[in-house]
There are 2 protein chains.
Amino acid sequence: MARGFETRQKILDVAQEAILAKGFDATSIEEIVANAEITKSGFFYHFKDKNTLARALIERHIVVEDDLFDELFGRAKELSDDPLQIMLIGLKLLAELIEDMPGGHPGCIVATAAYQDRLFDREVREANKRAVLGWRSRFRQMFDEIEEVYPPNDSVDRVALADMVSALLEGGIVMARALNEPLITSRQVYLLRSYVKLLYTPKEQ
Amino acid sequence: MARGFETRQKILDVAQEAILAKGFDATSIEEIVANAEITKSGFFYHFKDKNTLARALIERHIVVEDDLFDELFGRAKELSDDPLQIMLIGLKLLAELIEDMPGGHPGCIVATAAYQDRLFDREVREANKRAVLGWRSRFRQMFDEIEEVYPPNDSVDRVALADMVSALLEGGIVMARALNEPLITSRQVYLLRSYVKLLYTPKEQ
DNA sequence: CAAAAACTGTACCGCAGGTACAATAAGGCA
DNA sequence: TGCCTTATTGTACCTGCGGTACAGTTTTTG
């Protein structure tokens, strides 16, 4: 059991690196099997086609990203009891984390899938959707908690606000890639933080 | 001359629609030539390979998007002399425009290229970069003009702020595609508008 | 009306995804 | 120890697509 699992993980590791660097289609199965030091037959033993590989990658990605958010905002919760402060600290930690990534954020498989939609089957798209909806409910809840304490300084759709975190991350990654300026992504997170601050910080009288 | 130009445009139209719907690789040349009602030879008469097609699409996209921004913010300028109001009106017009698109914003070729980077050659990536830098300088200038009149309520990197327009558009499109909720993109533009408003509207005393 | 531009048709190559299936190697357990 | 299952290799092959080559045909334009 353990032997097969390790091979599977190695395939996923190798594939993820290549796909984020070059795109899904530009990454050939033959290249993956070469770098994973297995054979083509070995690959198809673990994944029946490229679609299945994509789905496995997305599913693994969701778990990793979720754990990361858990850790970041968990640490933020240790540092403050105030829901607004927790959000602001969490966003700062997130920005710093992205900033420290060598070469910038490696990119998001969700966006890769979103832009090559018909290439994937229904199950891949569903997995993708679940990931994005998970982030939505996570941040939605945090903004709900903020609004229980702080009235917003502008009327906003809270679902859209929750989505803004993901949107700015995804958009930031696209921009960073397009311009080859890795720092763009973290800068966008800082701007989001600035917005949240302005939106919920009570006006001095 | 006119005949060749029309065929070329038709190829670009057909290709753009298919690529935005399915991704670059999932769109075959044979499919394009079938829908454009020409032959494979005809295609390769106009574009020497798929790369050249991609570059032409990106270059055309830049012009269309630029014209659109010109028109939107031009109209905004007719409605107000105040730089902040011009931005707010322009963003509202943009949001409304995206909202009215049947099925949501069709998607951005820039992001498609960004996520399939190594698939394209240097020239395509350069064209892509030029597009994004063009938007940066456009919005940067607008924010500069705002700051000449209004001191910001939070210290922000103005380049990042200019990039935020593109980032939220790109990110919003990714989200809209991933969730199949076309309205997400325009909602994100409304949030950006809200941020700009909070950032530059003077505090009442 | 001739030359250039804009195509069509056919035939072909190489590569990558994917199938089929037989053979082999490596643990788990009785 | 031997057997069964799981993991993996090897080989051979089919398909579709990007791309080439190139000769022939139509259309436009000077």
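**Reading a two-chain model with DNA**

Q: Let's start at the DNA. Which helix supplies the largest share of the surface near DNA strand C?

A: A residue is near a strand if its C-beta atom, placed from the backbone, lies within 6 Å of it. Helices here are DSSP runs of H or I with at least four residues, strands are E runs of at least two, and both are numbered from the N terminus. On that basis the largest share of the surface near DNA strand C is from α3(B), with 4 residues. This is a predicted model, where local features need pLDDT of at least 70 and side-chain atom pairs count only at pLDDT 80 or more, while totals for chains, interfaces and linings use all residues. Residues are numbered from 1 along each chain as its sequence is written, and chains are lettered from A and ligands numbered from 1 in the order in which they are written.

Q: Which other helices are at strand C, and which residues come nearest?

A: α2 (29-35) and α3 (40-46) of chain A, plus α1 (2-22) and α3 (40-46) of chain B, each give at least two residues to that surface. Of the 19 residues around DNA strand C, the nearest are G4(B), T7(B), T39(B), S41(B) and G42(B). Now classes: Ala, Val, Leu, Ile, Met, Phe, Trp, Tyr, Cys and Pro count as nonpolar, Asp, Glu, Lys and Arg as charged, and the others, Gly among them, as polar. The surface near strand C then has 5 nonpolar, 7 polar and 7 charged residues.

Q: And what surrounds DNA strand D?

A: Strand D has 20 residues around it, with G4(A), T7(A), S41(A), G42(A) and K50(B) closest. At least two residues each come from α1 and α3 of chain A and from α1, α2 (29-35) and α3 of chain B. By class, that makes 7 nonpolar, 7 polar and 6 charged.

Q: What does UniProt say about this end of chain A?

A: An unreviewed UniProt entry places "domain: HTH tetR-type" at residues 5-65 of chain A. In the model, that span is 79% helix and 0% strand, and its end C-alpha atoms lie 21 Å apart.

Q: How many helices and strands does chain A have overall?

A: Chain A has 9 helices and 0 strands. Its C-alpha trace spans about 70 × 35 × 30 Å along the principal axes.

Q: How are chains A and B related?

A: Superpose the copies by least squares on the C-alpha atoms of residues with pLDDT of at least 70 in both. A rotation of 180° with 0.0 Å of shift along its axis puts chain A on chain B, with an RMSD of 0.2 Å. That's the relation of a two-fold axis. G171(A) is the residue of chain A closest to the rotation axis, at 1.9 Å for its C-alpha.

Q: How many residues make the contact between chains A and B?

A: Two residues are in contact if their C-beta atoms, placed from the backbone, lie within 7 Å. The contact takes 46 residues from chain A and 46 residues from chain B. On the chain A side, α8(A) gives the most, with 15 residues. That side divides into 23 nonpolar, 10 polar and 13 charged residues.

Q: What about the span of α7(A)?

A: The expected span is 1.5 Å times one less than the number of residues. α7(A) has 28 residues and reaches 41 Å from first C-alpha to last, close to the 40 Å expected.

Terms used:
UniProt positions renumbered as here; feature names shortened; annotations may be inferred.
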